[in-house]
Amino acid sequence: MTEPKSEIIEEENNEIPKANGVAPNLYEKVIEGCRLNVKMASQNEWRQAEIISRCRAPNGSMKFYVHYVDCNRRLDEWVQADMLDISTLLMPQKGGKKGAHLKEESRDPNETEGKKTGRKRKIPLLPMDEIKVEPSDQTAIPTVNSGSAPSLRGSMSMVGHSEDAMTRIRNVECIELGRSRIQPWYFSPYPQQLTSLDCIYICEFCLKYLKSKTCLRRHMEKCALCHPPGNQIYCQDKLSFFEIDGRKNKSYAQNLCLLAKLFLDHKTLYYDTDPFLFYVLTEEDEKGHHIVGYFSKEKESADEYNVACILVLPPFQKKGYGSLLIEFSYELSKIEQKTGSPEKPLSDLGLLSYRSYWSMAIMKELFAFKRRHPNEDITVQDISMSTSIKREDVVSTLQQLDLYKYYKGQYVIVISDEKRQVYEKRIEASKKKTRINPAALQWRPKEYGKKRVGFFFIFKVK
């Protein structure tokens, strides 16, 4: 919900109606930063929440914008005063660090910098019944997390949340994109004159935003696009990928990032799209190519990121498109002959999608290697190079699957018969799903980092 059309609370003596039998002046104590139990309407249960903002409606009643502790910010909402349990009110600590408690709650394990492992060792593939895990001086396997510290930029983005409370409040009520009306999840800096409207209308081909259905209809009569601008580099059945250069198609790239910010929490928008490439996935019908999702990547990434931002629009989620976008990003990395990793931190949905993809890709490679070379050992580096998944992501995935064991002075991959059967069934079932066909990918990497060197001759005049 958007912020109600009301005025900010000021000191005044207007009479305020009682809420839930609580004296009105008690609600004056509920300020930004407070925590108390709030009844979550969608779940019909009481949860601890933090007050982000408050306002007073024209009839004098008070409303509060709340963030439910330990819940994703897309569940944040405006609530009436009678949804608050004043008896559980906790005031913010004086002298404490601003937002310190939020940092601990929102910390994602994949944000921390992975520890570097030692020298390259062969990792034998052993059945579970052949070994017993021995205790050693290294009682705990060192946690290797996915990648290093995040870059300051990523598809017009910077990791972290703004301290401005206004950017924490969802400011758009609804958008209409093609045949779908979608309720946004997060704040996005669309023009203020549009955020006060009930709905923002967006052209699904050029992503221009308009204030009314009439304006959209007039725009569609003039819009020459029936697909995203840029090069069509993949086409299979009715699915296509278009590569958009952020420098050549700046307006489209900026509009795409504004749209994406409505559904991405971990990004703060910048407006310099020049260093980025955007890969837009579309579905085709008789009217054109309709956007499904996209990912972006830096043209030159010092941290070897192959994805900066990734998003599947809500109407197309839970249909396998997230896995398709991830698989496509690694197909590009294979052509580049590089390993890649997504920029951190990942959203909760993004982390689930990546872990699912990594697990399947690594298990497929392990099974295939064992069939090809039944008596040979495989290293983490071998897995990384064949899948283009960064080494740290391979290790963290093996640890998360509980397949990485310390045995006789080295780490080995241990796959029980039960797990092997489970993953063989999953791999067989995945063959029926839509997959990327590498033969349909028409793309060559470009060298953006190299600059032309000019030679200048200086003549001295005597």
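This passage describes the overall make-up of a predicted model, its nonpolar cores and one annotated residue.

The chain holds 10 helices and 19 strands, and of its 462 residues 47% are buried. Among contacts with a separation of 6 or more, 66% join residues that stand 24 or more positions apart in the chain. The exposed surface of the chain comes to about 25800 Å², of which carbon and sulfur atoms supply 50%.

The largest nonpolar core comprises 83 residues, and within this core the most contacts are made by Phe241, Leu259 and Phe328. Helix α7 is the element that gives the most to this core, contributing 11 residues. Because domain 2 (170-345) and domain 3 (357-435) both give residues to the core, it lies between them. When neighbours within four places in sequence are left aside, Phe328 is in contact with Ile233, Tyr234, Phe241, Tyr279 and Phe295, as well as with Ile436 and Leu441. Apart from this core lies another, made up of 17 residues, including Leu36, Val38, Met62 and Leu84.

In the UniProt record, which is an unreviewed entry, the annotation "active site" covers Glu343. This residue, Glu343, is located in the loop between β17 (341-342) and α7 (348-372), the latter being the helix that gives the most residues to the largest core. The relative accessibility of Glu343 is 2%, and because buried means under 20%, Glu343 counts as buried.

Methods: Residues are numbered from 1 along each chain as its sequence is written. This is a predicted model: local features need pLDDT of at least 70, side-chain atom pairs count only at pLDDT 80 or more; totals for chains, interfaces and linings use all residues. Side-chain values use heavy atoms; hydrogens and water are left out. Helices (H or I, at least four residues) and strands (E, at least two) are DSSP runs, numbered from the N terminus. Buried means under 20% relative accessible area, exposed over 50%, partly exposed in between (1.4 Å probe, protein chains only). Contact means heavy atoms within 4.5 Å. Accessible areas come from the Shrake-Rupley method with a 1.4 Å probe; for residues, only the protein chains shown count as cover. UniProt positions are given in the numbering used here, feature names are shortened, and annotations may be inferred rather than shown by experiment. A nonpolar core is a set of buried Ala, Val, Leu, Ile, Met, Phe, Trp, Tyr and Cys residues joined through side-chain atoms within 4.5 Å. Domain bounds come from an automatic or database domain assignment.
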